[in-house]
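Visitor: I've got a structure open and I'd like to learn how to read it. Could you walk me through a few features?

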Amino acid sequence: MAQPVRLDANAVDRLRARVAGPVLLPGDDDFAGELATYNLTVVHRPAVVVGASGPEDVRAAVRFATDHGLAVAVLAAGHGSSVPSDGAVLVTVRRMQALTVDATARTARVEAGVRWAEVIEQAGKFGLAPLNGSSPTVSVIGYTLGGGLGPMGRAYGYAADHVRSLDVVTADGEIRHVTAETEPDLFWALRGAKGNFGVVTAIEFDLFPVARLYGGGLFFPGEQAVEVLYRYAEWTADLPEEMTSSVGLLHLPPLPFVPEPLRDRLVVHVRIAYLGTAAEGERLVAPLRDLGPRIIDTVAEMPYTAIASVHADPVDPLPLYESGALLRELTPETIDTILAFAGPEADSPLVLTEVRHLGGALGRPPAQPNAVGNRDAAYSFFAVAAGGPPQARALVDYQRDFVDHLTPWTTGRRYLNFMFAHDTTPDQVRHAFDPETYRRLGALKKRYDPANTFRINHNIPPVG
């Protein structure tokens with residue numbers, strides 16, 4: 001653990017005078033509550049916390065950090081928390097909740113504290129939908145800056161592909177309104193490199209004319225895992241881009257939030273999100289239903305505002321260890337390896353092992369280029385374990401061993417939003433980008449953040 005940073009009391013008082021929100025030090029009554037995060041495995045011990053109420057508060061926090069040679073970290077919902085903010089200036093943005101929908105332009109503008117649930121609800125009033133993630137409690141901006149892989153991905157691409165503008169406080173303490181026209185290099189880098197270039201305080205992005213879909217979940221007994229995964233690989237070989245899906249091996253705890261038929265047993269969960277007609281969706285899903293009786297089958301026509309029910313991700317904070325990879329193919333040998341680590345015969349500590357079908361718009365460059373790369377993968381792989389600090393090393397080692405055994409079928413690259421606490425060294429982060437993109441990001445980092453003030457993240461060091 002790093003030694004505590006001692007700050008000059010007068011300097012902190014001057015910071016408080018410039019900030020409308022709370023400025024908290026270790027030991028203050030509200031300090032621990034301000035550090036609340038979704039992923040309980042990441043423990044923050046910052047030198048000071050600035051509860052930003054707007055961009056001017058963020059500017060004051062960044063200038064304070066640079067004046068004192070400190071790093072800046074950002075905390076919104078905390079789903080993507082990966083690096084503890086020890087000794088840093090931690091900016092919490094949950095008070096920044098402005099959200100506007102322009103139904104005519106089919107756009108939304110949100111501040112840094114807004115989560116997807118609010119956008120889905122407000123856009124839905126106009127028959128529109130955002131490119132949200134599987135969980136409604138994820139913050140919009142953090143998700144989008146890392147790419148944004150959601151249940152309409154094969155039809156429309158990554159969330160980062162449809163950003164119109166961003167407001168960001170850069171390391172020089174300036175508030176910039178960034179578009180493809182005003183600052184094209186920074187606009188390119190922000191969309192895909194997460195928080196390496198500043199604190200994004202607001203973002204404007206496209207909405208899509210989607211009011212309903214054919215979607216939900218098919219839950220099969222874990223004993224059918226072999227059949228379901230083999231059928232899923234065959235099924236995804238030739239699907240229209242309007243169909244985005246994934247399959248997960250779930251071993252859920254016997255807790256009240258888990259439906260009783262799924263508690264404390266292995267189940268196979270196929271997630272469906274189809275943007276065509278219900279009749280065509282039913283025809284496309286039939287080969288999966290033909291596998292036999294389901295424990296639960298929720299796949300039906302639904303309003304897009306119910307999209308969170310497709311994955312049914314937990315909403316309460318949990319201690320999670322996560323890992324991911326990108327797959328070139330889903331062969332019988334790939335599936336057998338997945339089953340060896342997470343199937344019915346495995347002594348596995350994982351609560352979720354997921355394979356998401358990529359391709360379609362996710363595999364094409366966007367109209368406005370950005371830093372999201374590695375679009376050649378056919379599937380993504382994602383594994384989650386839950387446990388406290390005593391289990392941490394064993395859980396991380398198990399996941400690393402799992403990913404290592406999948407190496408023959410991976411692209412060798414990674415998806416940035418699926419890289420977590422043990423995947424944040426520069427040598428690991430570079431695998432989220434092709435070599436030319438990574439080189440360009442390093443050079444832009446040198447231009448916009450030469451002191452690497454924004455390093456409490458999936459860090460890209462300045463070079464050149």
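Guide: Sure, we'll go through a helix, two sheets and a single residue. Keep in mind that this is a predicted model.

Visitor: Let's start with helix α12. How many residues does α12 have, and how far does it reach?

Guide: A good habit is to compare the end-to-end reach with what the residue count would give. Helix α12 (residues 392–405) has 14 residues, and its first and last C-alpha atoms are 20 Å apart, close to the 20 Å expected at 1.5 Å a residue.

Visitor: And which residues of α12 are buried?

Guide: Here you look for residues with under 20% relative accessible area. In α12 those are Ala 392, Leu 395, Val 396, Tyr 398, Gln 399, Phe 402 and Val 403. Because they cover an arc of only 155° around the axis, they sit on the same side of α12. On the face turned away from that buried side you find the exposed residues Arg 393, Ala 394 and Asp 404.

Visitor: What covers the buried residues of α12?

Guide: The cover includes β15 (320–327), α11 (332–342), β16 (350–357) and β17 (379–386).

Visitor: On to sheets. In what order do the strands of the five-stranded open sheet run?

Guide: Read the order from one edge to the other. Here it goes β5-β6-β9-β7-β8, with antiparallel pairing. The edge strands, β5 (99–102) and β8 (175–178), each pair on one side only. Ignoring direction, neighbouring strands in this sheet are turned by 10° against each other on average. For a close-up, β5 pairs with β6 (residues 107–111) over four bridges in the antiparallel sense, and Asp 102 has Thr 107 in β6 as its bridge partner.

Visitor: What about the four-stranded open sheet: which pairing does it have?

Guide: That one is mixed, in the order β1-β2-β4-β3. Its edge strands are β1 (23–24) and β3 (72–75), each pairing on one side only. β3 and β4 (residues 89–92) pair in the parallel sense over four bridges, with Val 74 opposite Val 91 in β4. Helix α3 (residues 55–67) packs on this sheet and touches β2 (48–51), β3 and β4; its direction makes about 170° with that of β4.

Visitor: Last one, Pro 303. Is it buried, exposed or partly exposed?

Guide: Check the accessibility, then the contacts. Pro 303 lies in strand β14 (residues 300–303) and counts as partly exposed because its relative accessibility is 44%. Leaving out residues up to four places away in sequence, Pro 303 touches Ala 211, Arg 212 and Leu 213. Pro 303 and Leu 213 are 90 residues apart along the chain, yet their C-alpha atoms are separated by 6.4 Å.

Notes. Residues are numbered from 1 along each chain as its sequence is written. This is a predicted model: local features need pLDDT of at least 70, side-chain atom pairs count only at pLDDT 80 or more; totals for chains, interfaces and linings use all residues. Side-chain values use heavy atoms; hydrogens and water are left out. Helices (H or I, at least four residues) and strands (E, at least two) are DSSP runs, numbered from the N terminus. Buried means under 20% relative accessible area, exposed over 50%, partly exposed in between (1.4 Å probe, protein chains only). Contact means heavy atoms within 4.5 Å. Two strands pair if DSSP finds at least two bridges between them. Axes are lines fitted to C-alpha atoms, for helices over the stretch in contact, and angles run from 0 to 180 degrees between N-to-C directions. The expected span of a helix is 1.5 Å times one less than its number of residues. The arc is that of the directions from the helix axis to the C-beta atoms.
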